[in-house]
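The following note takes up the points that a student may wish to check while viewing the model. Please read each point beside the structure shown here.

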Amino acid sequence: MISMLVVRQVVQYSLAFFWIACLTTHPLSRTNNCVLAFSNSVRTTQKQELRVNNGVAMAKTSRRRSLCITYEKINDNADQTEDTSNTDNDILSAHTSRRRKRDRLREALGQLAKLSLEDYKWRSSVFKTNEADRRVEESLARMMGEDASYVRPMDASDSKIGPLGRAEKDAVVWLSKVIEEEGKRAEIIANSNGQLVRPIDLISQNDMDDDDEPGPLAAMEKTAVDFLNKIRDSEKERAASGVMRPKDLDETRRGPLGEAEFKAVSKLKEIRDAEKVRAQQSRLRQGEVVRPIDVPGPLGEIEMKALELVQAEQQRVKDRKLNEGKLVRPKDATVQGPLGKAEEKAIDAVGRLREEEKERLRNIQRVLEENRPMEANRDSPLGFTEAFTVGLLRGPQLFIKVADRVKELLLSERLSEEDKRVITEQKRKIEPVKEEEPTSSKETDTTSKP
């Protein structure tokens, strides 16, 4: 098989060489060469035409691209102009919306101010009428030589008022000032068409008299604002002067932070100096321990207070042992310490409060007796309701009393002779007295006649 393949390849190659030789030696080979040359020229011209066509096409495409680019630029410019116009419109719309919101808020604030102003007028009138009625009652009771009855702790007299009454009185005075201040602020807001007015702005109002003091809220806000302004000014001064710590500023320019740091540092310096003195004293005493109480300083004062407390408790333990194990209160100890003093003050305060509440309870009972609806006007709704309720409550009590009396009668026995004798003697003593009364009345009638 391999030999046959080799023979076939040899024959094919030989035939190929033969045909090549015939073509080169044949007379028509020149014509063939001419044909080949013509075909080559035709091919070159076609290639040139293709190049020219390709150049024209490329030129056309480049022109189209440039036109597209310019068109895109024009569109971009138009979009930019539209965007700028849209942004301007958005800005105007946002500004108008903010203005509308501001107007709505001012309108709502004005309405709230009007409502609060009406509430202030109502509360002020109620407070004034109640105070006037209270003054009238006090004057009438003073004319009768009595103390006026009261319900609230603050209405007690100066000699009977206690801690609760003083606290209530201070709170009521503070709240009344706040209500007056808020009433003025509500009036200003309502008159200014909803313009916001802070409590501190009342201090700078032109219509405020010189005698009028700022209200509690205005004073609180002014204190807070002044505090923050002092901190801001001191920090600005510290930044301008290049000072690192707030306490290092001049005393006239030092703010709250500087004052706090200065106080803390001064306390720490006192502790450091006291500890140095204590260490020096310990070295002089050849290593003997020196307690902080032996050296003047903050730690010595703290130890002195603690030592006083410990000694008082130790003495209280000794008193308990002497008292046969019974508990000894700190205020009853022979050595009264801080706990004893605190307990004594607390007991005094509780005692005053108890007396105050007892007196107030008696006055409440007087007020209820004097102003009971069923006694003042029984036909009124409150009077009828109270009478009906009292009747319902007293009905079971009456039934229980009747039942007890019936039981007592059922368990009763006949009187003995001795009891009868005692009763008859008592009747004899009573009858002469009754007989003497009409005679004495006749004598008075005769003496009265001329």
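1. The largest cavity of this predicted model holds about 40 Å³ of space. The count of cavities of 30 Å³ or more comes to one. Rolling a probe the size of a water molecule over the atoms shows where empty space is left.

2. Which residues line the largest cavity? They are Ala312, Glu313, Arg316, Pro330, Ala333, Val335, Gly337, Pro338, Leu339 and Gly340. By class, this lining has six nonpolar, two polar and two charged residues. Helix H6 (298–322) and helix H7 (338–370) each contribute at least two residues to it.

3. The largest pocket may be considered next. Its space amounts to about 1400 Å³, and 43 residues form its lining. Nearest the centre of the pocket lie Asn130, Glu131, Arg134, Glu138 and Asp155. In the lining of the largest pocket, 17 residues are nonpolar, six are polar and 20 are charged.

4. Which helix gives the most to the lining of the largest pocket? Helix H2 does, with 16 residues. At least two lining residues come from each of helix H2 (29–143), helix H3 (163–191) and H7. The student may therefore find H7 named twice, since at least two residues of the lining of the largest cavity also come from H7 (338–370).

5. The secondary structure can be stated briefly. The protein has 10 helices and zero strands. Read from the N terminus on, its elements run α-α-α-α-α-α-α-α-α-α.

6. Some totals describe the protein as a whole. Of its 450 residues, 17% are buried. The protein exposes about 36800 Å², and carbon and sulfur atoms supply 58% of that area. Among the contacts with a separation of 6 or more, 38% join residues 24 or more positions apart.

7. Alanine 186 offers an example from helix H3. Is alanine 186 buried or exposed? Alanine 186 counts as buried because its relative accessibility is 4%, and the cut-off for buried is under 20%. Leaving aside neighbours within four places in sequence, alanine 186 is in contact with Ala113, Ser116 and Leu117. Alanine 186 and leucine 112 are 74 residues apart in sequence, yet their C-alpha atoms are 8.4 Å apart in space.

8. Proline 292 offers an example from a loop, the one between helix H5 (256–284) and H6. Proline 292 has a relative accessible area of 23%, so it is partly exposed; this class lies between the cut-offs of 20% and 50%. Once neighbours within four places in sequence are set aside, the contacts of proline 292 are Arg278, Leu299, Gly300 and Glu303. From proline 292 to isoleucine 271 the C-alpha to C-alpha distance is 9.9 Å, with the two residues 21 apart in sequence.

9. The confidence of the prediction should be checked before any detail is read. The protein averages a pLDDT of 75, and 72% of the residues score at least 70. Which elements have the lowest and the highest mean pLDDT? Helix H1 (residues 2–25) has the lowest, at 51, and helix H4 (residues 216–241) the highest, at 89.

10. Two stretches call for caution. Over residues 21–39 pLDDT stays under 50, and the model has two contacts beyond four places in sequence for this stretch. Over residues 438–450 pLDDT also stays under 50, and there the model has zero such contacts beyond four places in sequence. Where pLDDT is low, the predicted coordinates should not be read in detail.

Definitions and conventions. Residues are numbered from 1 along each chain as its sequence is written. This is a predicted model: local features need pLDDT of at least 70, side-chain atom pairs count only at pLDDT 80 or more; totals for chains, interfaces and linings use all residues. Side-chain values use heavy atoms; hydrogens and water are left out. On a 1 Å grid over the protein atoms alone, a cavity is a set of points where a 1.4 Å probe fits but cannot get out, and a pocket is an open set with protein on both sides within 12 Å along at least five of seven lines; lining residues have an atom within 4 Å of a point. Grid points are joined across faces, edges and corners, and a volume is the space filled by probe spheres set on the points. Helices (H or I, at least four residues) and strands (E, at least two) are DSSP runs, numbered from the N terminus. Ala, Val, Leu, Ile, Met, Phe, Trp, Tyr, Cys and Pro count as nonpolar, Asp, Glu, Lys and Arg as charged, and the others, Gly among them, as polar. Buried means under 20% relative accessible area, exposed over 50%, partly exposed in between (1.4 Å probe, protein chains only). Contact means heavy atoms within 4.5 Å. Accessible areas come from the Shrake-Rupley method with a 1.4 Å probe; for residues, only the protein chains shown count as cover. pLDDT is the predictor's confidence in each residue, from 0 to 100.
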